[in-house]
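Work through the exercises below with the structure open. Each task is followed by a solution in steps.

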Amino acid sequence: MEPLETITDEVIASRIQNGESALFGVIIERYEQKLTRYGRKFLPRDEQIEDIVQDVFIKTYQYIKGFDTTRKFSSWIYRIAHNAFINEIKKSHRLPQLMPDFDILVSHTVYEDPAAEKREIADIRAQLEQSLDKISPNYKEILLLRYFEDMEYKDIAEILQIPLGTVSVRIQRAKQALKDAYLKLHP
Amino acid sequence: MTTDPLTTMQQRVLAEIESHQVSMRPKFYFVLHTITLVILATIILLLSISFSTYILFSIRASHHTPLLFMGGRGLLLFFTFFPWGVLFFDMVCIVAFQHILQKFRLGYKNPLLYTLAIVLVCMLGLVFVIDHVRIEDQILRHGHQTNMPLLFGAYEGAHAPTNPDYGVCPCIVKAITPDFVIMVQHMPYGRPRDISVLLPPGIATSTIHVGDKLFVVGKFRNGVLYANDQQAWDPESDGDTDSTAGTSTTP
């Protein structure tokens, strides 16, 4: 029998769909810390984040038969978490007035350079820690997914449900906005 | 949410699953959800197509197309009579359809303007095909034959001739006097109404003959339509003007 550690999320999800509910514990083990870290960037209180992450797991279990196992499980669960955190922020009226997102209207060239991004990852993480609250939520989330959660562009596109080209252009703009915010704090 | 500090999140969630407080939604639920969305999207799309075909029908049936070629006043009148309310509901349907489409991968994977353009092109294609086969006219004819009120009178309203008080008259020449041209207003389903029309200066009455079909635009005062502009028109082609008729003038 294959050890659980080597089995992919998608296979585990498929086995849960087929009735092995106990395997859901593995999913919780794999994602509890990641989703809590993700939530911490949206909400300030740990208890609130824990409640929402627990809700995310419950929802994930309830909806798992709707998951297409040929797709990536992590994108799917992050999408559920994204919705849960956004809903919570909306409920508490902490969501700033968002500007209309014109980037989703037309196509953009996808420019993904993992080597260059690897070189700048430490800088961006450091800047993010200090200037996170100074940039718009759209930019904040996409940078978190890219530089803290190490997601690929196509996974981010699935989570945020936006075109791939929009992910690319939004990351470029977010990095510029972050740089500007950081320079304002450290002239 | 109740939290027990003595247990981990994993234990709490698994306990809820084991005690059947939380259960998986059956596959059927997701299939039904998708089917419902598809049906809803189809209904909205059909509604939108109906609204669009109604707009085309209404322009055609009211014989207002010649107004587009009659200068600023003609354009102003055309837009005054345009069914803006129907267009508004049509827009609402398109936005709702686009919103539903965004729930599917196909919808959000592509830029919004591209999917919108594809939707609009397909929809307008269908609208022109439907308009070409004159379904709306058949509905109207059926309504008149059976005395059925069609869609709260919307179809009759579209086909009702414009009141000459607004200065617009798709008419047929009935008689020519030294002072006026007596015209009968084109009313396919109503009682024809006689209107006295004073032609613009420079138009010789000798160029006009009894039986000519003229689309006249002007000002209606004291029972007389003082024409500013006129065009030959053909009611049979539902509003298409005949540019070779040679009676078009712009003072």
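The exercises concern a predicted model.

**Exercise 1.** Find which elements of chain A have the lowest and the highest mean pLDDT.

Solution. Start with the chain as a whole: chain A averages a pLDDT of 84, and 85% of the residues score at least 70. Then go through its elements. The lowest mean, 71, belongs to helix 5 (residues 114-131) of chain A, and the highest, 94, to helix 1 (residues 9-17) of chain A. Where pLDDT is low, the predicted coordinates should not be read in detail.

**Exercise 2.** Locate Glu149(A) and decide whether Glu149(A) is buried or exposed.

Solution. First, the position: Glu149(A) sits in the loop between helix 6 (137-147) and helix 7 (153-160) of chain A. Next, the accessibility: the relative accessible area of Glu149(A) is 12%. Buried means under 20%, so Glu149(A) is buried. Last, the surroundings: beyond neighbours within four places in sequence, Glu149(A) contacts Lys34(A), Arg37(A), Tyr38(A), Tyr78(A) and Leu144(A).

**Exercise 3.** Determine how the buried and exposed residues are placed on helix 3 (residues 71-81) of chain B.

Solution. List the buried residues: Gly74(B), Leu77(B) and Phe78(B). They span an arc of only 105° around the axis, so they lie on the same side of helix 3 of chain B. Then turn to the other side of this helix, where Gly72(B), Leu76(B) and Thr80(B) are exposed. Finally, identify the packing partners: the buried residues of helix 3 of chain B pack against helix 2, strand 1 (168-176) and strand 4 (213-221) of chain B.

How values were computed. Residues are numbered from 1 along each chain as its sequence is written. Chains are lettered from A and ligands numbered from 1 in the order in which they are written. This is a predicted model: local features need pLDDT of at least 70, side-chain atom pairs count only at pLDDT 80 or more; totals for chains, interfaces and linings use all residues. Side-chain values use heavy atoms; hydrogens and water are left out. Helices (H or I, at least four residues) and strands (E, at least two) are DSSP runs, numbered from the N terminus. Buried means under 20% relative accessible area, exposed over 50%, partly exposed in between (1.4 Å probe, protein chains only). Contact means heavy atoms within 4.5 Å. pLDDT is the predictor's confidence in each residue, from 0 to 100. The arc is that of the directions from the helix axis to the C-beta atoms.
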